[in-house]
Amino acid sequence: MKKVMTTLLLLAGIQCMAQKEVTPAKWLKLFNGKDLKDWDIKITSHDLNDNFGNTFRVEKGLLTVNYDRYDKFNEQFGHIFYKKNFSAYLLVVEYRFTGEQVKGGPGWAFRNSGVMLHGQTAATMTKDQDFPISLEEQLLGGNGKDVRTTANLCTPGTNVVMHGKLITDHCIGSTSKTYHGDQWVHAEALVLRDSVIKHIVGTDTVLVYEKPQIGGGSVSHADPAVKQDGKLLSEGSISLQSESHPVAFRKVELFDLSPYINDPVKLNKVLRLLQNRNHNK
């Protein structure tokens with residue numbers, strides 16, 4: 001009985017610790033709702049932090065992607081990078097598509113954006129590079145009639161493992177429902193170094209994969225010194241895309257899990273609390 005009581009007290013102590021850890025103050029707001037001072041911008045064919053056409057801007061407390069100063073898209077794919085790299089975390093974004101796709105945008109990019117995980121830094125991209133080597137949690141909006149899942153996986157310069165098999169397909173669909181119109185969508189990514197990554201929409205896990213690594217194609221003009229095929233990705237940048245359709249983000253927040261990654265008991269407790277939290281906090 002004494003051993004049982006000791007175990008229960010230990011578990012209660014861990015639970016209390018975890019509850020104290022998962023508080024609003026522990027969340028890092030990557031987007032502060034005011035400005036882009038902690039972000040780098042890289043748009044294809046432009047120098048680092050040349051925000052061509054004021055593509056990325058803050059409007060009414062939202063981080064927005066705009067094309068009102070573009071005559072034509074001209075494959076000027078862009079990404080806005082948070083300046084710090086992360087290795088283990090839960091990332092939360094809330095996004096919605098608005099307006100019309102800019103002239104010249106590819107058909108597949110209709111209501112298409114993404115969150116790039118475990119990516120290279122903006123500074124290591126070449127001037128003409130289109131996408132960072134990364135794992136893209138692809139964000140898609142519906143066209144009003146067809147099935148079109150969101151939180152899919154696309155792999156510019158990367159591969160992953162699913163069900164014990166190396167996957168070299170560029171895009172893998174999720175099991176999410178379709179979100180038509182201009183509604184706000186809540187999406188998350190649970191990233192645990194180079195082990196497991198989960199894509200989540202609302203409260204549903206819609207895609208899971210493992211062993212993210214550099215490899216494959218679907219990225220142009222990458223520096224060969226950066227694209228080291230076969231290298232596992234245990235950390236990297238987080239960036240948001242501009243792919244020719246206007247999109248807005250009202251939340252970009254992160255819970256850093258790196259302090260718990262080497263303690264499975266604490267990590268599981270924290271993950272359970274995060275899973276059961278109030279998403280409207």
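Which residue stands opposite E136 in β9? In this predicted model, the residue opposite E136 is C154 of β9. The pairing belongs to a set of 3 bridges that join β8 to strand β9 (residues 152-154), the two strands running antiparallel.

## Confidence of the prediction

The average pLDDT of the protein is 93, and 91% of the residues score at least 70. Residues 7-12 form a stretch with pLDDT below 50, and beyond near neighbours in sequence this stretch has 0 contacts in the model. Where pLDDT is low, the predicted coordinates should not be read in detail.

## Strands β8 and β2

Strand β8 is mostly covered, with 6 of its 6 residues buried. From this strand L135, E137 and L139 point one way, while E136, Q138 and L140 point the other way; all are buried. In a regular strand the side chains alternate between the two faces of the sheet. Besides its bridges to β9, β8 pairs with β7 in the antiparallel sense over 6 bridges. Within the pairing of β7 and β8, G114 stands opposite Q138.

Strand β2 (residues 39-43) has 5 of its 5 residues buried, and it is therefore largely enclosed by the rest of the structure. Here W39, I41 and I43 point one way and D40 and K42 the other way, and all are buried. The charged residues D40 and K42 are thus included among the buried positions of β2. The strand is joined to β5 by 5 bridges, and the two run antiparallel. The bridge partner of I43 in β5 is G78.

## Nonpolar cores

The largest nonpolar core has 49 residues, of which W39, L91 and L117 touch the most other members. Strand β6 (residues 88-97) supplies the largest share of this core, 5 residues. Leaving aside neighbours within four places in sequence, L91 is in contact with L30, V115, L117, A187, E188, A189, I238, V252, E253 and L254. Another core, of 16 residues, lies apart from the largest one; among its members are L190, I200, F255 and V270.

## Aromatic pairs

A pair of aromatic rings is described by the distance of the centres and the angle of the planes. The structure holds 12 aromatic pairs. The rings of Y67 and Y70 have centres 5.1 Å apart and planes at 75°, so this pair is edge-to-face. Both Y67 and Y70 are buried. F77 and F131 form a tilted pair, with 4.9 Å from centre to centre and 35° between the planes.

What parts of the chain does the pair of F77 and F131 tie together? F77 lies in the loop between β4 (62-65) and β5 (78-82), whereas F131 lies in the loop between β7 (112-119) and β8 (135-140), so the pair ties together parts that are 54 residues apart in sequence. F77 is buried, with a relative accessible area of 7%, and F131 also counts as buried, at 11% relative accessibility. Ring pairs further link F52, Y67, Y70, F73, F77, W108 and F131 into a cluster.

## Salt bridges

Side chains of opposite charge can pair when their charged atoms come close. The structure holds 9 salt bridges, including those in the table.

| Salt bridge | N to O distance |
|---|---|
| D47 and K127 | 3.7 Å |
| E59 and R57 | 3.4 Å |
| K227 and D229 | 2.7 Å |

D47 lies in the loop between β2 and β3 (56-59) and K127 in the loop between β7 and β8, so their salt bridge ties together parts that are 80 residues apart in sequence. D47 counts as partly exposed, at 47% relative accessibility, and K127 is partly exposed, with a relative accessible area of 44%.

In the bridge between E59 and R57, E59 is partly exposed, with a relative accessible area of 33%, whereas R57 is buried, with a relative accessible area of 10%. These two residues and D68 are linked in a network of salt bridges.

Methods:
Residues are numbered from 1 along each chain as its sequence is written. Side-chain values use heavy atoms; hydrogens and water are left out. Rings of Phe, Tyr and Trp (its six-membered ring) pair if their centres lie within 6.5 Å; planes under 30 degrees apart count as stacked, over 60 as edge-to-face and the rest as tilted. Buried means under 20% relative accessible area, exposed over 50%, partly exposed in between (1.4 Å probe, protein chains only). Helices (H or I, at least four residues) and strands (E, at least two) are DSSP runs, numbered from the N terminus. pLDDT is the predictor's confidence in each residue, from 0 to 100. Contact means heavy atoms within 4.5 Å. Two strands pair if DSSP finds at least two bridges between them. A nonpolar core is a set of buried Ala, Val, Leu, Ile, Met, Phe, Trp, Tyr and Cys residues joined through side-chain atoms within 4.5 Å. A salt bridge is a side-chain nitrogen of Lys or Arg within 4 Å of a carboxyl oxygen of Asp or Glu.
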